[in-house]
Amino acid sequence: MKDLLIAVVSGLVESPEEISVDVAEPAEDGTIVYTLYVAESDKGRVIGKQGRIAKAIRTVMRSAGTRVGQKITVDIN
């Protein structure tokens, strides 16, 4: 899942070498939180106008997680 998130985001940013993802241990309800870090200058590209791109990234990750039986959320920092 981490590789999927990096692959999706690397196509959006100008500095793909600065992408990093931290994966938290599953919470009590089984939700796994992926925290995405990008360069400060690329945050706008990842979030998009009115958060549309961020919402799409979260939807893709949630759908992919469902296929393998995981609850996934994505935080962007």
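This passage describes the salt bridges of a predicted model. Local features were considered at pLDDT of at least 70 and side-chain atom pairs at pLDDT 80 or more, whereas totals for chains, interfaces and linings use all residues. Residues are numbered from 1 along each chain as its sequence is written, and side-chain values use heavy atoms, with hydrogens and water left out.

With a salt bridge defined as a side-chain nitrogen of Lys or Arg within 4 Å of a carboxyl oxygen of Asp or Glu, the model contains three salt bridges. One of them pairs Arg 45 with Glu 14, with 2.4 Å between the closest N and O atoms. This pair links distant parts of the chain, 31 residues apart, since Arg 45 belongs to helix α2 (residues 43–47) and Glu 14 to the loop between α1 (2–10) and β1 (20–23); helices (H or I, at least four residues) and strands (E, at least two) are DSSP runs, numbered from the N terminus.

Arg 45 also meets Asp 42 in a salt bridge, at an N to O distance of 4.0 Å, and through shared partners Glu 14, Asp 42 and Arg 45 are joined into one network. Relative accessible area was classed as buried (under 20%), exposed (over 50%) or partly exposed (in between), using a 1.4 Å probe and protein chains only. Within the network, Asp 42 is buried at 0%, Arg 45 is partly exposed at 38%, and Glu 14 is exposed at 55%.

A further salt bridge is formed by the side chains of Lys 43 and Glu 40, at 3.6 Å from N to O. Here Lys 43 is partly exposed, with a relative accessibility of 26%, while Glu 40 is exposed, at 63%.
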